[in-house]
Amino acid sequence: MIPLNWYLILGAVLFVIGVLGFFLKRNIIALLLSVEIMLNAVNLTFVAFSSQRGQISGQVFVFFVLVVAAAEAAVGLALVIAMYRNRETLNVDRSNLLKW
Amino acid sequence: MIEYVTSADFLLMMAKIVGIFGGVMGALAYLTWLERKLMARVQMRPGPTRVGPFGLLQPIADGLKFLFKEDVIPTNANKFLFVLAPIVALIPALLSFSVIPFGPRLQVTDLSVGLLFIFAITSLGVYGIVLGGWASNSKYPLMGAMRSSAQMISYELSLTLSVVGVLMIANTLSLGELVTAQQGTWFGFIPRWNIFLQPVAFVIYVVSAIAETNRLPFDLAESEQELVAGWHTEYSSMKFAMFMLAEYANMVTVSALATILFLGGWTGPMFGPEWLQMVLPTVWFVGKISVFIFFYVLLRSTFPRFRYDQLMRFSWKVLLPLALANILITSLIVALS
Amino acid sequence: MIEILFFFFAALAVGAAINVLVQKHVLYSALSLIVMLTAMSALFILLQADFLAVIQVIVYAGAIMVLFVFVIMLLNLPEDEDGADRLRWLKFLGIPLGLFLLFLAVVTLWNVERPEVVEAQISGTPELIGRSLFTDYLLPFEATSLLILIALMGAVVFAKKDL
């Protein structure tokens, strides 16, 4: 039996990797991918707690996270396409028209 | 650990794995022969006749030829992905045989979520095509890959949804239990198969399955007349053979799944001495799969190809609403009864 | 035995996640993420959440990531240019800060009192999850369908030619 802590620490490591990716990468698709990493890290902790406490709720929540991830990917990628069509770049620093 | 490795359970498991794997690989090889022969007959040609009686050794000759051909990797191709793609295509295709029940006990493992496992594994197969098309760095493969990924995502929806009605009736996701739930008969002569309860779902499943495996009349991904050979234009030798194998393996998988879900899997009349009763379920199962394979090949040799917009419209505007309506009606009936 | 599996898949997940950040071409990042997602699915199996493990592969690897790969191929993107502009120095600040965050999290989690293992282990079967989804979580479940509808419409509007 693997202690709960190990899963939580693994989740934390993955989450930090996701955060770092979100702040360091400039390509908007890479940012979306980083968000997926973070969501997965959270999913892991949900499932770990669920199986540790003997309650199914954690796993149900992973379900909702999956739905949100799918919705985010759909809208996000549509935005990416629109952005690439208008700006010819996916670098988030280059899309600065709204900045003053 | 060592005790387990030498135990009878383990040896039985190994025997099953080796048997199923060997059998499937042999069947896949002879599927190519069957397809060539059958297509030839439809088109009034004799088909392969030179190698062995009735050309029966043709698959072996083909295999040897694939092995000894020069393995060309185009200069501008992305080498890593180019090599990776056939592997990614083949492994999921073969992995799905691990949960398919070929007989009452002839199954490597009966997962409680076996059906979903197969869907998960086969949904990974699309990467082989997409990566192969992209890594070739050439326009025809890329167009083939784009078409194929869009097509496979679209048809996967109706494929998965068509199954839901069956699942609501059977109340299980395990393939072994799905089959045992269909044993017996109604009124003594109609077999208790799901096809009679879910005819609409069956039609949707078969149509989407053909599209999922990129076969005619839905083979937009490799349509010879416009895209040379689609996503595997640049592939040669063993890599091409792996793509072929993956395609045939997927064909067998969806046929096997159709058999399990709608035609009662290995169920069938039992008679004769004990040794015959051991073999009969597998014979029925293989027989039912063969019907689908025949259907596939006849479709390929007789139907023209869809146009791309027709293909997409058919999936989203016909199959998907039909599948949803089927779920709605089935759930109503299940809830009321 | 199970520890070996855990460490193998944990290492695979972390390695793949780091690789997502390191790769220059976003297609490689996406492929690396697929590896990570399948490793996560294996970890779910170790936690006896079979259903979620399969769903993870179907939804994430089989649908969401195919969309990503599809868009990357559709746009036929070049490699990322390497920190050409003002955020070049950010990584020298960002990585230490990230590691500090990691350090804090790990220390906190390591010192957490280990709760005694509940004897009644549950396995995440489809029945259990479905029952919970359609009784306790019915309202959120219906809300997600609304969310998906909105996302669907949003995607269609954004992807239109004349935005």
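## Three chains and how they meet

No contact joins chain A and chain B, and the closest C-alpha atoms of these two chains lie 13 Å apart. This is a predicted model, and for the complex the predictor gives an ipTM of 0.86 together with a pTM of 0.85. There are 2 pairs of chains in contact, and of these it is chains A and C that share the most contacts.

The pairing of chain C with chain A is a good place to begin, where 72 residues of chain C are in contact with 59 residues of chain A. On the chain C side, at least two residues each come from α1 (2-22), α2 (26-46), α3 (50-75), α4 (90-111), α5 (126-134) and α6 (138-158) of chain C. The largest share of this side, 11 residues, is supplied by α4(C). Sorted by class, the residues with which chain C touches chain A are 58 nonpolar, 9 polar and 5 charged.

Chain C also meets chain B, with 16 residues of chain B in contact with 15 residues of chain C. On the chain B side, the elements that give two or more residues are α5 (114-135) and α6 (139-170) of chain B, and the largest share, 9 residues, comes from α5(B). This side of chain B has 13 nonpolar and 3 polar residues, and no charged residues.

Turning to the interior of chain C, the chain is divided into domain 1, residues 1-77, and domain 2, residues 125-163. The centres of these two domains of chain C, taken over C-alpha atoms, are separated by 22 Å. The helices α1(C) and α2(C) pack with their axes 8 Å apart and at an angle of about 155°. Because angles over 145 degrees count as roughly antiparallel, α1(C) is roughly antiparallel to α2(C). The crossing in which α1(C) passes α2(C) is left-handed.

The residues of α1(C) that take part in this packing include Phe6(C), Phe9(C), Leu12(C) and Ala13(C), and those they meet in α2(C) include Leu33(C), Met36(C), Met40(C) and Leu43(C). Polar residues are found on both helices, among them Asn19(C) in α1(C) and Ser29(C) and Ser32(C) in α2(C). By class, the contact of α1(C) with α2(C) has 17 nonpolar and 3 polar residues, with no charged residues.

Chain B has its own division, for which the domain assignment gives domain 1, residues 1-68, and domain 2, residues 73-336. Here the centres of the two domains of chain B, taken over C-alpha atoms, are separated by 19 Å, and the contact takes 15 residues from domain 1 of chain B and 17 residues from domain 2 of chain B. On the domain 1 side of chain B, α2 and α3 (58-68) each supply at least two residues, and the largest share, 12 residues, comes from α2(B). By class, this side of domain 1 of chain B has 11 nonpolar, 2 polar and 2 charged residues.

One helix pair of chain B can be followed in detail, namely helix α2 (residues 8-42) and helix α12 (residues 274-302), whose axes lie 9 Å apart and which pack at an angle of about 45°. These two helices, α2(B) and α12(B), are therefore oblique to each other, and their crossing is right-handed. From α2(B), the residues that take part are Leu31(B), Glu35(B), Leu38(B), Met39(B) and Val42(B), and they meet Ile293(B), Val297(B), Leu298(B), Arg300(B), Ser301(B) and Thr302(B) in α12(B). The contact of α2(B) with α12(B) has 7 nonpolar, 2 polar and 2 charged residues.

It remains to consider the confidence of the prediction. Chain A averages a pLDDT of 84, and 97% of its residues score at least 70. Within chain A, confidence is lowest in helix α1 (residues 4-24), at a mean of 86, and highest in helix α2 (residues 28-53), at 88. Chain C averages a pLDDT of 82, and 87% of its residues score at least 70. Among the elements of chain C, the highest mean pLDDT, 90, belongs to α6(C), and the lowest, 81, to α4(C); this helix, α4(C), also gives the largest share of the side of chain C that touches chain A.

Conventions. Residues numbered from 1 in each chain as written. Chains lettered and ligands numbered in written order. Predicted model: local features only at pLDDT ≥ 70, side-chain atom pairs only at ≥ 80, totals over all residues. Contact = placed C-beta atoms within 7 Å. Helix = DSSP H or I, 4+ residues; strand = E, 2+ residues; numbered from the N terminus. Domains from an automatic or database assignment. Axes fitted to C-alpha atoms, helices over the stretch in contact; angles between N-to-C directions. Parallel < 35°, antiparallel > 145°, perpendicular 65-115°, else oblique. Left-handed = near helix turned anticlockwise from the far one by under 90°. pLDDT = per-residue confidence, 0-100.
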